[in-house]
Amino acid sequence: MRALILVGGFGTRLRPLTLSRPKPLVEFCNKALLLHQLEALRQAGVSHVVLAVSYMSEALEAAMREQEQRLGIRISLSHEKEPLGTAGPLALARDLLAEGGEPFFVLNSDVICEFPFAALAQFHQRHGGEGSIVVTRVEEPAKYGVVVSEPDSGRICRFVEKPRVFVSNKINAGLYIFSPGILQRIQLRPTSIEKEIFPAMAQDGQLYAMELQGFWMDIGQPKDFLTGMCMYLQALRAQHPEKLHSGPGVVGNVLVDPSAKIGANCVIGPNVTIGAGVVVEDGVRIKRCTVLQGARIRSHSWLESCIVGWSCSVGQWVRMENVTVLGEDVIVNDELYLNGANVLPHKSIAESVPEPRIIM
Amino acid sequence: MPLKAVILIGGPQKGTRFRPLSFEVPKPLFPVAGVPMVQHHIEACAKVPGLKEILLMGFYQPHEALSRFLAAAQQEFKIPIRYLQEYAALGTAGGIYHFRDQILAGGADAFFVLNADVCSEFPLQEMLDFQQQHGDTDSFVILGTTVQHYVEKPSTFVSEIINCGIYLFTPAIFQHIGEVFQRNQQELALEENSNGWQRAEVIRLEQDVFTALAGSGKLYVYKTDGFWSQIKSAGSAIYASRLYLNQYSQSHPERLAQNKPGGPIIRGNVYIHPTASVDSTAVLGPNVSIGEGVTVGAGVRIRESIILHGASLHDHTCVLNTIVGWDSTIGRWARVEGTPSDPNPNDPYAKIDSETLFRDGRLTPSITILGCSVTIPAEVVILNSIVLPHKELSRSYKNQIILSALKPCVLPRVHHASLPTRHCIRDSPSIPYHPSWMDLQQILAPSLVHSFASSAVVLGED
């Protein structure tokens, strides 16, 4: 089977992290985001994945060469010269996708959940329609594409993108499976699958919804990235508790790369991810954070709801909170207070940031 | 030649800008660089040969802490020290005039007058020598220091000599004060509606006496290059501590903490009371004073702060530009931070100390003050805030005044024109009486029951 992953654009909402890496290569819970998806696809029998990209494709390409061997999966890049939206890339990769004559998966690269690809394939085969989309229930559906479907068959009656009045709280989770016939509907031009293709398919009775079990998150922006991390770690506690860290000073769900070092008298957690080669010195308190590879957190600091970028150095007695995001290689001097600071890569911070702002 | 010194210590109505710290202890006794504010004055006076007696003058009621301090100081410095209580606030000249007989008793040839709320090198001997040198034994000396002010239009620096609040007088001064007193009485007699606030005896040195003396050839200024600062607000106490701690390297090196094995890491000038208990992994300084019985836990960082006695700082806390009140507690990993408001008269860009507490309805960033027995929970941040005594916080606060458990109340809009004019207690004519500060004074006065709608003030919580 094949799959198309819509990697797309600049990942502007996950800046400053995406200024250093393409978004699919940002580690989510110590594994590149793309790898979460690739591994799940591989498990469902997918042998060939197409990445639809428009930015930093060389970095992605290089990383993918490595993974191809390891995963035993073929990876192609479909490079958009101009942004093609969410449907256009399917047309661009038409040949690759239609080749096998089988249904193919399509997914947004920002999505994290307990990927139900095998179940989705079965669901799709049973109803025989042109497309199946995974839906999930959320509290605030107005931010997403909302789905109204028949309860038994799952056939979608209406598909409304970002509705202004309440329609339903089932939303498009960004995971699809299509029969090759759908490619007739899509031309090679910027096209929105949510606004143009799905409503038409729904009208034709060709679109079906399968409800997702378990957690779901669009982690395209830092605060959702952290929320998604909490959900993922909770699911990990339920399914693979041995992967989580334990020991003195560890509270709740904490994931620590084996190569990381944590000092004495720290209290880490709940909901913390510590990446490879990270050093956390003595007396540090971390809650609800992701610390990316190679960063150093110096002693007596206090971090809550932050993302610390690769190779950062956070000084002693620093306090960081409120979705502070440090880009790659940022240095934060001792004794500073960062509240909601969004710091671009390679910056040195010598003054506190008491109110949320962007540091260029 | 017999000399005396008078230290003007003011009273409770003075020093409202020193609240909430002045709720617990009279301002002149507030510890600066580890010892009561006025002890620096006393030490300087005791060093002048021929100085026979020190008189503290003010309108505080008899106070246990004050009496104890005076007794101890007499013992330590081996010089008679007495407290003369004014029956009312009499102004900077009215007090010494009222007690002129006491001051001159024993045949004093000259006497110093020092304001308690200044921080200085106290070049008293130099002032004496200066007075002798230019020959006129009946002249008066004002200690002055040069400051530069930045003026916006035209954009330039203006050099100015300001009055340090430290004087050397001879008995002849009383004649001049007496003349002002006579004039006041005459004016009062002429006025039909005396509203009770004005008294003939309230005489201010600068406004009333010196202005009259200015052209007379009797008033001299001795310019000093030594350090000097006013201590009006809590923030300036931290700045004054820095100046005195700096002086200790020469005057009292035994008061400065040293780096030693098993002890905390000391950066710059730090005072630690012998009964304080400080973990060896703590990092203190520069400009830190640790009071009696204070506990400082592992991995604590303190900088530019005063920790008053009995306070307890738990592990990994970070305290910057803060005064931590007596017996307060700061929980683990908490961050308590203020913004320095150095009233450095020689820094052209420094804010002058008379700035309003509020600007545009928001609290101006200033040092953080925790009143007596305040509890800060673990892991919170307290930034640029003032916490009144006995308050137990449960969350973070920024740029706020947190009152203790008062019932929410209603404050009528105050029309400033209707405020009574007060003949007080303003040392320098250059400090304007800001209406917004008046509002705050009313709030902080516990006897008033009024409410305040501003978001900058958090009333009793939970």
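Begin by selecting residues 295-296 and 312-313 of chain B in this predicted model. These are strand S17 and strand S20, which run parallel and are joined by 2 bridges. To see one of the pairings, display B:Thr295, whose bridge partner in S20(B) is B:Ser312.

Next, widen the selection to the sheet that holds both strands. Its 5 strands follow the order S14-S17-S20-S23-S28 in chain B, and the sheet is open, with parallel pairing. At its edges are strand S14 (277-278) and strand S28 (375-376) of chain B, each of which pairs on one side only.

Now turn to chain A, where 6 strands form an open sheet with parallel pairing, in the order S15-S18-S21-S24-S27-S30. Its edge strands are strand S15 (261-262) and strand S30 (348-349) of chain A, and each pairs on one side only. Within this chain, select residues 313-314 and 331-332: strand S24 and strand S27 pair there in the parallel sense over 2 bridges. A:Val314 has A:Val332 as its bridge partner in S27(A).

The next stop is the interface, so show both chains together. How many residues does each chain bring to the contact? Chain B gives 20 residues and chain A gives 19 residues. The area buried between chain B and chain A is about 1500 Å², and carbon and sulfur atoms give 48% of it. On the chain B side, select B:Trp333, B:Arg335 and B:Glu379, which lose the most area to chain A, together 42% of what that side buries.

Keep B:Glu379 in view and add A:Arg285. These two residues form a salt bridge, with their closest N and O atoms 3.0 Å apart. The rule finds 4 salt bridges across the interface of chain B and chain A. Polar contacts between chain B and chain A number 14 residue pairs. To trace the elements behind the chain B side, select strand S18 (301-303), strand S21 (318-320), strand S24 (335-337) and strand S29 (381-383) of chain B; each supplies at least two residues of the side that touches chain A. By class, that side of chain B has 8 nonpolar, 4 polar and 8 charged residues.

Leave the interface and select strand S1, residues 3-10 of chain B. Why is this strand described as largely enclosed by the rest of the structure? The reason is that 8 of its 8 residues are buried. Rotate the view to examine the two faces of S1(B): B:Leu3, B:Ala5, B:Ile7 and B:Ile9 are buried on one side, and B:Lys4, B:Val6, B:Leu8 and B:Gly10 are buried on the other.

Add the partners of this strand. S1(B) pairs in the parallel sense with strand S4 (residues 51-58) of chain B over 7 bridges, and B:Gly10 stands opposite B:Gly58 in S4(B). S1(B) also pairs in the parallel sense with S6(B), over 6 bridges; here B:Lys4 has B:Phe111 as its bridge partner.

From S6, move to B:Asp117, which lies in the loop between strand S6 (110-115) and strand S7 (118-120) of chain B. Is B:Asp117 buried or exposed? With a relative accessible area of 7%, B:Asp117 is buried, because buried means under 20%. Its side chain is joined to that of B:Lys232 by a polar contact of 3.4 Å.

Finish at helix H3, residues 91-98 of chain B. Of its 8 residues, 6 are buried, so the helix is largely enclosed by the rest of the structure. The buried residues to display in H3(B) are B:Thr92, B:Ala93, B:Gly94, B:Gly95, B:Ile96 and B:Tyr97.

Technical notes: Residues are numbered from 1 along each chain as its sequence is written. Chains are lettered from A and ligands numbered from 1 in the order in which they are written. This is a predicted model: local features need pLDDT of at least 70, side-chain atom pairs count only at pLDDT 80 or more; totals for chains, interfaces and linings use all residues. Side-chain values use heavy atoms; hydrogens and water are left out. Two strands pair if DSSP finds at least two bridges between them. Helices (H or I, at least four residues) and strands (E, at least two) are DSSP runs, numbered from the N terminus. Buried means under 20% relative accessible area, exposed over 50%, partly exposed in between (1.4 Å probe, protein chains only). A polar contact is a pair of N or O atoms within 3.5 Å; within protein, one must be able to donate a hydrogen and the other to accept it, and residues adjacent in sequence count only if both atoms are side-chain atoms. Contact means heavy atoms within 4.5 Å. Buried area is the accessible area (1.4 Å probe) that two parts lose on being put together, summed over both. A salt bridge is a side-chain nitrogen of Lys or Arg within 4 Å of a carboxyl oxygen of Asp or Glu. Ala, Val, Leu, Ile, Met, Phe, Trp, Tyr, Cys and Pro count as nonpolar, Asp, Glu, Lys and Arg as charged, and the others, Gly among them, as polar.
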